[in-house]
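Here's a walk through a two-chain model, taken piece by piece. Have the structure open and follow along.

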Amino acid sequence: MSELFSTLSLYLSRSFVVNALIVGVLIALCSSLLGVTLVLKRYSFIGDGLSHVAFGAMAVAAVLGLTNNMPLVLTITVLCAVLLLRMGKNAKIKGDAAIAMISVGSLAIGYLLMNIFGTGSSNLSGDVCSTLFGSTSILTLSDFDVWMCIVLSVIVVLFFVLFYNKIFSVTFDESFARATGQRAGLYNLMIAIVIAVIIVVSMQLVGSLLISALVIFPALSAMRVFKSFKSVTVCAAIVSVFCALIGLLTSILAGTPVGSTIVAVDIVVFVIFFIIGAFTKGRKA
Amino acid sequence: MSTTLGYGSQVVLSGLSFEVNAGDYLCIVGENGSGKTTLMKTLLGLTKPLGGSIEFADGVTARKIGYLPQQTDVQRDFPASVQEIVMTGCLSRDGFRPFYSKADKALAEKNMERMNITKLRKRCYRELSGGQQQRVLLARALCATQKILLLDEPVAGLDPKVTAEMYDLIESLNKNDGVTIIMISHDIDKALQYASHILHVGDGIFFGKREDYPHELKGGAVHE
């Protein structure tokens with residue numbers, strides 16, 4: 001046991017590990033905040049779709065040889081989020097089909113681009129793998145990445161706090177919100193943009209494939225047990241941060257891939273909450 | 001004046017003309033697909049009329065209509081407390097102000113009292129009975145309006161006893177508090193029992209006091 005702690009403190013004295021922990025906790029917090037809204041609005045797949053868009057954008061950035069791919073990836077993903085939302089309204093191509101189309105399309109194009117143009121390294125499948133699963137990138141963050149992540153997280157949290165009541169209102173009943181003159185369209189647009197920001201930031205941690213898990217699992221866990229929107233949101237945030245910390249430390253100590261480890265912890269917590277939820281419900285009935 | 005309703009290039013309802021005065025209790029009846037929902041969306045300002053216009057007087061605007069929508073699937077499994085939901089009725093008054101004011105809280109309190117759901121305030125919405133849920137949504141609608149309520153099939157899916165309670169509650173809002181009621185309904189008998197005016201849309205359009213409602217229309221509306 002003491003050996004474990006000395007290994008841990010050795011790692012914690014390294015700046016890249018501390019960076020990873022800071023970024024990990026912030027991403028977990030941000031993704032869980034809007035997760036509740038996404039799950040309840042039946043938008044779970046927008047997260048999945050946008051993460052693939054971000055993957056495609058990363059491939060483009062890699063082909064262009066950009067050292068800082070964040071700004072480009074962010075712009076493209078936000079644009080796609082807005083586009084998806086507009087499409088959903090027009091209903092020429094239904095929302096879920098549009099998401100599937102954009103998602104699969106950008107995944108394919110991204111991989112194709114990486115394959116044709118190469119990314120400068122000889123290990124293509126390794127690159128793809130780390131983009132998809134985020135296996136190492138969180139441990140190789142630059143200071144710029146860390147600061148960008150901190151700034152974006154602050155913006156996301158501020159947005160969420162300031163618009164909390166409105167987000168709740170358009171999530172619970174969009175037609176009532178519209179009918180009584182709340183700017184539902186505007187709030188939906190802002191939610192889409194913030195989701196895009198969260199996804200791009202999250203890619204650093206778990207990679208594009210596992211982002212949906214990071215967004216959805218804490219919300220679903222919290223919803224098993226808690227009954228008001230506020231308590232569900234707070235609980236989801238705590239669960240998410242807790243799982244991210246445990247997952248990160250485990251992956252550092254055991255040498256497992258970061259993203260998958262965090263999601264594994266999320267799954268375990270979900271099962272625990274599910275059992276608690278079933279138990280308390282059973283007792284009442 | 002006649003108003004034509006529809007969406008896109010699709011005309012759903014045309015040649016419609018009616019008026020609602022303060023304190024009226026109007027029931028809109030008609031078959032499915034006859035344009036009741038489109039009419040309601042137009043009244044709320046969610047859809048633009050294809051021709052003609054809707055005019056408001058006395059400082060009422062589309063935004064000041066309290067609205068009781070039909071429940072959606074999303075809401076049936078929604079983790080939210082009664083109080084949280086009622087409070088959202090205050091949001092339209094708030095503009096961009098991020099948090100609720102004391103006045104908002106007092107208003108929500110008053111309307112929960114009116115709907116007799118103060119005791120349920122901490123309860124989870126999805127665990128309430130159908131009648132209780134409707135009263136929560138009614139309290140929310142009352143937070144958004146003082147004058148006029150638009151109810152979309154408020155008794156759909158309720159059992160007969162709760163349905164009767166709901167009708168009594170709506171009647172008391174109309175009679176005792178002077179709230180103007182516009183209700184979309186399937187139940188022509190109940191409409192004739194409670195409403196002061198009837199608007200029948202569909203094959204035959206009728207608008208007038210309930211006493212003047214022609215009986216030949218009655219048959220058509222009952223059989224759906």
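What follows covers chain A, the place where the chains touch, and then the sheet and helices of chain B.

## What kind of model this is

One thing before we start: this is a predicted model. Keep that in mind as you go through the angles and contacts below.

## Chain A: helices throughout

How many helices and strands does chain A have? The tally is 13 helices and 0 strands. Walk along the sequence and you just get α-α-α-α-α-α-α-α-α-α-α-α-α.

Chain A has 285 residues, and 47% of them count as buried. As for how the chain folds back on itself, take the contacts with a sequence separation of 6 or more: 74% of them are between residues 24 or more positions apart.

## A helix crossing in chain A

Two packed helices are described by the angle between their axes and the distance between the axes. Let's do that for H2 (residues 15-40) and H11 (residues 211-225) of chain A: their axes come within 7 Å and cross at roughly 65°. That makes H2(A) roughly perpendicular to H11(A), because angles from 65 to 115 degrees go under that heading. As for handedness, H2(A) passes H11(A) in a right-handed crossing.

Which residues do the touching here? From H2(A) come A:Ala28, A:Ser31, A:Ser32, A:Gly35, A:Val36, A:Leu38 and A:Val39. On the H11(A) side they meet A:Leu214, A:Val215, A:Ile216, A:Pro218, A:Ala219 and A:Leu220. Sorted by class, this contact has 10 nonpolar residues, 3 polar ones and no charged ones.

## Where chain A meets chain B

Now for the interface. On the chain A side, 24 residues are in contact with 21 residues of chain B. Helices H8 (164-172), H9 (174-179) and H12 (229-254) of chain A each supply at least two residues of the side that touches chain B. The largest share comes from H8(A), with 5 residues. In terms of chemistry, this side of chain A splits into 11 nonpolar, 7 polar and 6 charged residues.

It's worth a closer look at two of those helices. H8(A) is mostly covered, with 8 of its 9 residues buried. The buried ones are A:Asn165, A:Lys166, A:Ile167, A:Phe168, A:Ser169, A:Val170, A:Thr171 and A:Phe172. Over in H12 of chain A sits A:Ile238. Is A:Ile238 buried or partly exposed? A:Ile238 has 15 C-beta neighbours inside 10 Å, so it counts as partly exposed. Its C-alpha lies 9.5 Å from that of A:Ala222, and the two residues are 16 apart in sequence.

## The sheet of chain B

Chain B has an open sheet of 6 strands with mixed pairing, in the order S4-S5-S6-S3-S7-S8. At the edges are S4 (65-68) and S8 (206-209) of chain B, each pairing on one side only. From one strand to the next, the twist averages 15°.

Start at the S4 edge. S4(B) and S5(B) run parallel and are joined by 4 bridges, with B:Gly66 partnered by B:Leu149 in S5(B). B:Ile65 and B:Tyr67 point one way from S4(B), B:Gly66 and B:Leu68 point the other way, and all are buried. Elsewhere in the sheet, S3 (residues 25-29) and S7 (residues 197-200) of chain B pair in the parallel sense over 4 bridges. Here B:Ile28 has B:Leu199 of S7(B) as its bridge partner.

## Helices on the sheet

Helix H1 (residues 36-43) of chain B lies across S3, S4, S5 (148-152) and S6 (180-185) of the chain, running at about 150° to S5(B). Helix H6 (residues 130-144) of chain B also packs on the sheet, where it touches S4 and S5 and has a direction about 165° from that of S4(B).

H6(B) has a helix partner too: H7 (residues 160-177) of chain B packs against it at an angle of about 20°, with the axes 10 Å apart. That makes H6(B) roughly parallel to H7(B), because the angle is under 35 degrees. The crossing is right-handed. In this pair, B:Gly130, B:Gly131 and B:Gln134 of H6(B) meet B:Val162, B:Glu165 and B:Met166 of H7(B). By class that gives 2 nonpolar, 3 polar and 1 charged.

How values were computed
Residues numbered from 1 in each chain as written. Chains lettered and ligands numbered in written order. Predicted model: local features only at pLDDT ≥ 70, side-chain atom pairs only at ≥ 80, totals over all residues. Contact = placed C-beta atoms within 7 Å. Nonpolar A, V, L, I, M, F, W, Y, C, P; charged D, E, K, R; others polar. Pairing = 2+ DSSP bridges. Axes fitted to C-alpha atoms, helices over the stretch in contact; angles between N-to-C directions. Buried ≥ 20, exposed ≤ 12 C-beta atoms within 10 Å, placed from the backbone. Parallel < 35°, antiparallel > 145°, perpendicular 65-115°, else oblique. Left-handed = near helix turned anticlockwise from the far one by under 90°.
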